Amino acid sequence: MSKETSPAIVIAVEIGDAGLADRLASLLDGVAGLRLAAPGEAATVTIVARESHRPAEPHGFDLTPRELDVLALLAEGASNKTIASRLGISVHTAKFHVGSLLDKLDATGRTDAVAHAARRGVIHL
């Protein structure tokens, strides 16, 4: 009895960030049923980095969608533990996002960050 094998899915990685492309290729290399495309080879699937062409923020802050989520929870008075739980992230990551918000909003604390964001129209209380 012969064992049938399905053809490998050929994956091309077309990402401008060479480091990220190499990491993805390393992760995908050796996965059963997948094969990385050789240069110029047609691929079944192509991984392409979506370029971020977001318009300039009208409020002057370049906040990520996740930072906006964290900011909304800060406005509710959520702790880092609550933010982590509600967003499905670790407490460490929640602290990182809060710190990033404080830096970007040039705030001295959580309440100050919410006040700055409200004054500039980033959030509405």
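Is R35 buried, partly exposed or exposed? Hold that thought for a moment, everyone, and I'll come back to it. One thing to keep in mind as we go: this is a predicted model.

Let's start with the sheet. Three strands make up an open sheet, and their order is β2-β1-β3, with parallel pairing. At the edges sit β2, residues 34–36, and β3, residues 45–48, and each of these pairs on one side only. From one strand to the next, the twist averages 30 degrees. If you're new to sheets, strands pair through backbone hydrogen bonds, either parallel or antiparallel.

Now look at β1, which covers residues 9–14 and pairs with β3 in the parallel sense over four bridges. For a landmark, find I11, which stands opposite V45 in β3. Helix α1, residues 18–28, packs on this sheet and touches β1, β2 and β3. The direction of α1 makes about 165 degrees with that of β1.

Next, the helices further along. The largest nonpolar core has 21 residues, and the ones touching the most other members are V70, L71, L74, I83, L101 and L105. Four elements give two or more residues to this core: α2 (65–75), α3 (80–87), α4 (91–104) and α5 (110–119). In soluble globular proteins, nonpolar side chains tend to be buried together. Try clicking on V70: leaving aside neighbours within four places in sequence, V70 is in contact with I83, L87, H97, V98 and L101.

On to charges. Side chains of opposite charge can pair when their charged atoms come close. This structure holds four salt bridges, and I'll show you some of them.

Here is R35 again, whose side chain meets that of E41 in a salt bridge at 2.8 Å, N to O. So, my opening question: R35 counts as partly exposed, because its relative accessibility is 38%, between the cut-offs of 20% and 50%. Its partner E41 is partly exposed too, at 31%.

The next pair is K104 and E67, also a salt bridge, at 2.8 Å, N to O. K104 lies in helix α4 and E67 in helix α2, so this pair ties together parts 37 residues apart in sequence. K104 is partly exposed at 33%, whereas E67 is buried, with 4% relative accessibility.

Finally, E76 and R86 meet in a salt bridge of 3.4 Å, N to O. E76 sits in the loop between α2 and α3 and R86 in helix α3, 10 residues apart. Both partners are exposed: E76 at 55% and R86 at 52%.

That's my tour, thanks for listening!

Conventions
Residues numbered from 1 in each chain as written. Predicted model: local features only at pLDDT ≥ 70, side-chain atom pairs only at ≥ 80, totals over all residues. Heavy atoms only, no water. Pairing = 2+ DSSP bridges. Axes fitted to C-alpha atoms, helices over the stretch in contact; angles between N-to-C directions. Contact = heavy atoms within 4.5 Å. Core = buried A, V, L, I, M, F, W, Y, C linked by side-chain atoms within 4.5 Å. Buried < 20%, exposed > 50% of the residue type's maximum accessible area, 1.4 Å probe, protein only.
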